[in-house]
Amino acid sequence: MMASFALFLLLYLCRVALVCFFAALLLAILDRVAARIKRTAGSWRPRVAVLVLGDVGRSPRMQYHALSLADVQIGSSKTDKGGLAKACVDVDLIGYAGERCIEPLREHPCVKIHAVPTVVRPAGVAIPFALWAPIKVVLQVMVLLSVLLLNISRPDVLLVQTPPAIPTLAVTWLVSLIRGCRVVVDWHNFGYTILALNMGSSQHWMVRLARLYERVFAARAGHGNLCVTNAMRQWLAEHWAVRAHVLHDQPPAFFRKATVEEMHELFGRLGNAGEAGLADSMWAQEETCHQGDDVGTTEKTLLTFQSADGHCHVREHRPALVVSSTSWTEDEDFGVLLDALTDLDIRVRDDEDFPRVLVLVTGKGPQRAMYEARMAKLCLCKVRIRTLWLEAADYPRLLGCCDLGVSLHTSSSGLDLPMKILDMFGASMPVCARGFKCLDELVQDGHNGLVFESSSQLTDQMQKLLRNFPKSPLLAKLRANVKPGRWMENWLQHAFPVILPELAEAHVD
């Protein structure tokens, strides 16, 4: 009986596999015929699918890829009237629904955003990770194949972010075989190193299996490869024989120093109790202090005031704004910053030359609630800490108002760089960054920022940088050396020739 059932099941699976094979073959033929007809008719425009197996709204680099592709001008195409017009790239941006994408992307006529259903563990069901992981992978494969084969038009290029490498590298390799498209892999880090953090050991069998998978498909999946650092490019070449091109992250143009009017508008909103409650009342014992810049004002925020003539001005005795953006994960030990701020408050509470300090922490993640509970127990005098989550449009505005950034990122592989530092540099803000391998590709200690290894070092650095604020000479020196490049120019030079090499020469400025 069991043998008959097994034979029946085997024959059924073979039939299903045969049907899937012929369906894929038919799709491949139709895709190629349709592409050839479009090219011959002169109505062809390149199409790129940008894939993020994660919350696409929290993947800034891939959003910038999509926007750059949609904005680039690549030559001429025929119009309905028989004339010629500059052509652009059609973009399908694929990822999990979550945070909103940046506004220029949402409103771009050449961009379609496709929300992929999220695969989550059933609530209330205790499934061991070793059992849930393969189930999740199978479900993700089915979802991705459905989107990439059925829901979108055939792309000429599939640009995929890794990590996560499982199952995206295998799925995109399979899709490239079926649909005849090129695959470009953008290496942000390595998935197996992140898994090693979660499993607590780099020798765990799941970590070793993930590393083998990543190595195998690294050589097969990508017709082109991008990566984020020179150190990663060298590692990929030496260990996995992958030739990658470095695209260093650069801030887009909307990251910049805020004007006084923009500061006034933003903190006018954030000062409301219903929002973040960022107002002088955080320092209740000092509410009656520093009133000299309020005379003749009609409206006041934490940083600015509006005079009777309607002009906005920066308050003379405003607090120093320190910002840290974190994902609240294991590779960013937020306790280092809390310890540093506690020690700093003890040192400067009686120092009249040291300003009030407001530390703003943005981001979402699994450890946020734990650290917020720890913050609530702190009894600080001059220092205040607030966590908040901002709309995509408000995040660059906030950075443009801040004076000093702090990065706690340490990198699971030691080969990637935190994009948050580039965002801070775009807003003309120096940073204190925790040191790790290859950080010097971005932060030069003593030039455009300071590098620390411990909480005590971070305390020393903040004390030196913020003393006599806003006239701190060290802070001004570092700020003067913050001179980031810009995303679009960098992307056109290093990424566009990899993603669409046959069209890069036809680019129109």
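## Exercises on a predicted model

Met 142 sits in helix α4, which covers residues 129–151; helices (H or I, at least four residues) and strands (E, at least two) are DSSP runs, numbered from the N terminus. This is a predicted model, where local features need pLDDT of at least 70, side-chain atom pairs count only at pLDDT 80 or more, and totals for chains, interfaces and linings use all residues. Residues are numbered from 1 along each chain as its sequence is written, and side-chain values use heavy atoms, with hydrogens and water left out.

### Exercise 1: a surface patch

Work out whether Met 142 is buried or exposed, and find the patch that includes Met 142.

Step 1. Start with the scale: buried means under 20% relative accessible area, exposed over 50%, and partly exposed in between (1.4 Å probe, protein chains only).

Step 2. Met 142 has a relative accessible area of 53%, so it is exposed.

Step 3. Now the neighbours: Leu 131, Ile 135, Val 138, Leu 139 and Met 142 make a nonpolar surface patch of about 450 Å². Patches are made of residues with over 30% relative accessible area and no salt bridge; like charges are joined within 9 Å, nonpolar side chains (Val, Leu, Ile, Met, Phe, Trp, Tyr) within 5 Å. The areas come from the Shrake-Rupley method with a 1.4 Å probe, and for residues, only the protein chains shown count as cover.

### Exercise 2: the sheet

Put the seven strands of the open sheet in order, then find what α4 touches there.

Step 1. The order is β5-β4-β1-β6-β7-β8-β9, with parallel pairing. Two strands pair if DSSP finds at least two bridges between them.

Step 2. Look at the edges: β5 (111–116) and β9 (245–246) each pair on one side only.

Step 3. Zoom in on one edge. Strand β8 (residues 224–227) runs parallel to β9, and two bridges join them. Leu 226 has His 245 in β9 as its bridge partner.

Step 4. Back to the helix: α4 packs on the sheet and touches β1, β4, β5 and β6 (157–162), its direction making about 160° with that of β1. Contact here means heavy atoms within 4.5 Å; axes are lines fitted to C-alpha atoms, for helices over the stretch in contact, and angles run from 0 to 180 degrees between N-to-C directions.

### Exercise 3: salt bridges

Count the salt bridges, then follow the ones made by Asp 460 and Arg 47.

Step 1. A salt bridge is a side-chain nitrogen of Lys or Arg within 4 Å of a carboxyl oxygen of Asp or Glu. By this rule there are 19 salt bridges.

Step 2. Asp 460 meets Arg 347 in a salt bridge, 2.6 Å from N to O. That pair links distant parts of the chain, with Asp 460 in helix α14 (residues 455–466) and Arg 347 in helix α10 (residues 335–348), 113 residues apart. With a relative accessible area of 32%, Asp 460 is partly exposed; at 40%, Arg 347 is partly exposed too.

Step 3. Salt bridges that share partners also join Arg 45, Arg 47, Asp 90 and Asp 92 into one network.

Step 4. Inside that network, the closest N and O atoms of Arg 47 and Asp 92 are 2.7 Å apart. Arg 47 lies in strand β1 (residues 47–55) and Asp 92 in strand β4 (residues 90–96), 45 residues apart. Arg 47 is buried at 16% relative accessible area, and Asp 92 is buried at 1%.

### Exercise 4: a buried valine

Find where Val 336 lies and what it touches.

Step 1. Val 336 is in helix α10, and because its relative accessibility is 8%, it counts as buried.

Step 2. Leaving out residues up to four places away in sequence, Val 336 touches Leu 408, Arg 434, Phe 452, Ser 454, Ser 455 and Leu 458.

Step 3. Take Leu 408: it is 72 residues from Val 336 in sequence, yet 7.9 Å away in space, C-alpha to C-alpha.

### Exercise 5: unusual backbone

Which peptide bonds here are cis, and which residues have a positive phi without being glycine?

Step 1. Get the background: most residues other than glycine have a negative phi, and most peptide bonds are trans.

Step 2. One cis bond joins Pro 163 and Pro 164, with omega about 5°. Another runs from Ile 166 to Pro 167, with omega near 0°. Pro 164 lies in the loop between β6 and α5 (168–179), and Pro 167 lies in the loop between β6 and α5 as well.

Step 3. Cys 438 has a positive phi of about 75°. This residue is in the loop between β17 (431–434) and β18 (449–452), and Cys 438 is buried at 8% relative accessible area.

Step 4. Asn 468 has a phi near 65°. Its loop runs between α14 and α15 (473–480), and Asn 468 is partly exposed at 38%.
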